[in-house]
Amino acid sequence: MSYKSNSLKQLALQKFRKNFWGVFSFYFLILVGLVSIFAYVVAPDNSRYANQMHLSIHSKKPGFKVTMLTIPSQFKTEQNTLSKLFFGKKNADTEVPISEYRIDDEVLVYKEYATDGLEGVEKTLQVKSFPHEDVSSFIEEKSFLFGTDKYGRDLLSRVLVGTRISFFIGFVAVFISLLIGVLMGSLAGYFGGRVDAIIMWLINVTWSIPTLLLVIAITLALGKGFWQVFIAVGLTMWVEVARVVRGQIISAKEMQYVTAARALGFSDFRIISKHILPNIMAPVIVISAANFAAAILIESGLSFLGIGAQPPMASWGAMIKDHYNYIILGKPYLAIIPGLCIMSLVMAFMLIGNALRDALDVKT
């Protein structure tokens, strides 16, 4: 009879694979991550920040279709492929929604789209202003799967581009919180005494300040912007990591393998980094998953308050702020769609955190 020995990592992986919601959340987060990276590839509006405005078709329902005339610009913008892929296209062309058009004697006559009950303005444009005098290639029917926002921008494109902020703020915030929290928690737990007292005092002071208030203060100190929010959120989340690491190290430093490492003359840095931290990372991984979700919610709250990502940058929280009053105006989808996106992403991180907690539980 043969016995197959499984390492703790293999056992944890097997348990995680048996958790349906954990595996589902894992693949969902991979999909969201790919969308956030290649948002401008999959978005119908690939202009920078998906900020192509058409005020004449604002607040249209999902599935709305309109004929779109693209008027080419006389100025050519130079942009490489990587820039278009990751930052969107610098679009100098003008898009005009039209209801009808005709060509009379080398002149394009078109009527701008107007809302119900209004008459569109009729305008003219020389056919020779189009490359190769080919007008048909600049007129196409455009569909808005999620409708348009109050500025006439494609809501689906804004949601897809907004994924980048909400997803990457989790990574940056958790990285900063791990960097500071693991360092402070390791020093406090391993050395104890006065070092522990000073660090714990700093942790308790930071923890006593409401998270949102502390983020607002840091954001105002660093200035409004994209990266400032990332840093501010990360600087408020390290205390939880530090307390967990401190408690784990206090228990682990009395273990026999730590005593043996000291007897062999290893330095404190090597004992902490090579021997203790690898054995206490399970609870740190779980709390990091929860911090991902918390970071997304905090960023959405800051954007809603107007001190997060600044216009015209697409952010789910800012989209809710712009359209929350439409809930009572018969167009609730403008706020509900980004709200559901926030909810699904936060839930995925929480589910994967619960799955990791169960898989890494040494008692089972």
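Biologist: What makes the 5 strands an open sheet, and in what order do they lie?

Modeller: In this predicted model, the strands run in the order β4-β3-β2-β1-β5, with antiparallel pairing. The strands β4 (122–126) and β5 (139–144) stand at the edges with a single partner strand each, so one side of each has no neighbour in the sheet. From one strand to the next the twist averages 50 degrees.

Biologist: How do you know that β1 and β2 pair?

Modeller: Two strands count as paired if DSSP finds at least two bridges between them. Strand β1 (residues 64–71) and strand β2 (residues 94–104) have 5 bridges in the antiparallel sense, so the criterion of at least two is met. Within this part of the sheet, threonine 67 stands opposite isoleucine 98 in β2.

Biologist: What makes β1 and β5 a pair?

Modeller: The requirement is again at least two bridges, and β1 and β5 have 6, in the antiparallel sense. Phenylalanine 64 stands opposite phenylalanine 144 in β5.

Biologist: Why is β1 called mostly covered?

Modeller: A residue is buried if its relative accessible area is under 20%. By that cut-off, 6 of the 8 residues of β1 are buried, so the strand is mostly covered. For the protein, buried residues make up 43% of the 364 residues.

Biologist: Why is the protein said to be more spread out than a compact globule?

Modeller: The globule rule gives 21 Å for 364 residues, whereas the radius of gyration is 27 Å, well over that value, so the protein is more spread out than a compact globule. Taken along the principal axes, the box filled by the C-alpha atoms is roughly 95 × 60 × 45 Å. The protein has 14 helices and 5 strands.

Biologist: How much space lies in the second largest pocket, and which residues are closest to its centre?

Modeller: The space is about 380 Å³. The lining has 17 residues, of which Tyr49, Phe86, Phe87, Arg164 and Phe226 are the closest to the centre.

Biologist: Which helices each supply at least two residues of that lining, and which supplies the largest share?

Modeller: The helices are α2 (20–37), α4 (81–87), α5 (155–191) and α8 (226–236). The largest share, 5 residues, comes from α5.

Biologist: How many residues of the lining of the second largest pocket are nonpolar, polar and charged?

Modeller: There are 14 nonpolar, 1 polar and 2 charged residues. Tyr and Phe count as nonpolar and Arg as charged, so among the residues closest to the centre, Tyr49 is nonpolar and Arg164 is charged.

Terms used
Residues numbered from 1 in each chain as written. Predicted model: local features only at pLDDT ≥ 70, side-chain atom pairs only at ≥ 80, totals over all residues. Heavy atoms only, no water. Helix = DSSP H or I, 4+ residues; strand = E, 2+ residues; numbered from the N terminus. Axes fitted to C-alpha atoms, helices over the stretch in contact; angles between N-to-C directions. 1 Å grid on protein atoms, 1.4 Å probe; cavity = no way out; pocket = protein on both sides within 12 Å on 5 of 7 lines; lining within 4 Å. Points joined across faces, edges and corners; volume = space filled by probe spheres on them. Rg over C-alpha atoms; globule rule 2.2 N^0.38 Å. Buried < 20%, exposed > 50% of the residue type's maximum accessible area, 1.4 Å probe, protein only.
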